[in-house]
Amino acid sequence: MAESSVPASSVPSSRRRTLLAGVGAACAAALAGCARYNSNSGIAAAPPASTSSAAAGSTASSGTGAAASSGPAALTTTSQVPVGGGQILTAAKVVVTQPQAGTFKAFSAVCTHQGCIVATVANGTIDCPCHGSKFAIATGAVVNGPAATPLPPVSIQVQGTSIVQG
């Protein structure tokens, strides 16, 4: 008669609660993983700049330490960005292009499709290796999907032969 003391309806209810709790925990874990992955999709302007400045100041490999501390650190130089091409700066998550001689543009190097870092600049496009998205070097506009939105522009300035973020 011990079996009759436990109502049959409470057993399925507790199983449902256990199942729902497990599903809820799995969903929370999946969303947390996505949030961490997606939090890297922006341009990391502040942390790389301070890391670069600290490294430049301690090693003095980028020229004078005073220049590095008085202004933004150089992303690259004009001679390192080919006309009709570009240079991908993975640490700064920036791609600098030169669509026409003397015209420099910069965009986020993070593909707007799924957050991969773009890998090449060739034939007038910035190319993502993950799923084949291509972006125009002059505007960052999508030339070939699956990405649906353009690469966000990054503000840069040419100071002599240096290209700085700003």
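**Notes on the two open sheets**

1. Let's begin with one residue pair: Gln-157 sits across from Val-164, a residue of β10. Keep in mind while you look at it that this is a predicted model.

2. That pair belongs with the contact between β9 and β10. Strand β10 covers residues 162-165, and 4 bridges tie β9 to β10, with the two running antiparallel.

3. Zoom out and you get an open sheet of 3 strands, laid out as β1-β10-β9 with antiparallel pairing. The edges are taken by β1 (74-77) and β9 (156-159); each has a single partner strand, so one side of each is left without a neighbour in the sheet. As for twist, neighbouring strands here are turned by 30° against each other on average, ignoring direction.

4. Now the other sheet. What is the strand order in this open sheet of 4 strands? Reading across, the order goes β5-β6-β7-β8, and the pairing is antiparallel. At the edges you'll find β5 (120-122) and β8 (142-144), each of which pairs on one side only. Neighbouring strands in this sheet are turned by 35° against each other on average, again with direction ignored.

5. If you want a spot to click on in that second sheet, try where β5 meets β6. Strand β6 spans residues 125-127, and β5 pairs with β6 in the antiparallel sense over 3 bridges. For a concrete residue pair, take Val-121: the bridge partner of Val-121 is Ile-126 in β6.

How values were computed. Residues numbered from 1 in each chain as written. Predicted model: local features only at pLDDT ≥ 70, side-chain atom pairs only at ≥ 80, totals over all residues. Heavy atoms only, no water. Pairing = 2+ DSSP bridges. Axes fitted to C-alpha atoms, helices over the stretch in contact; angles between N-to-C directions.
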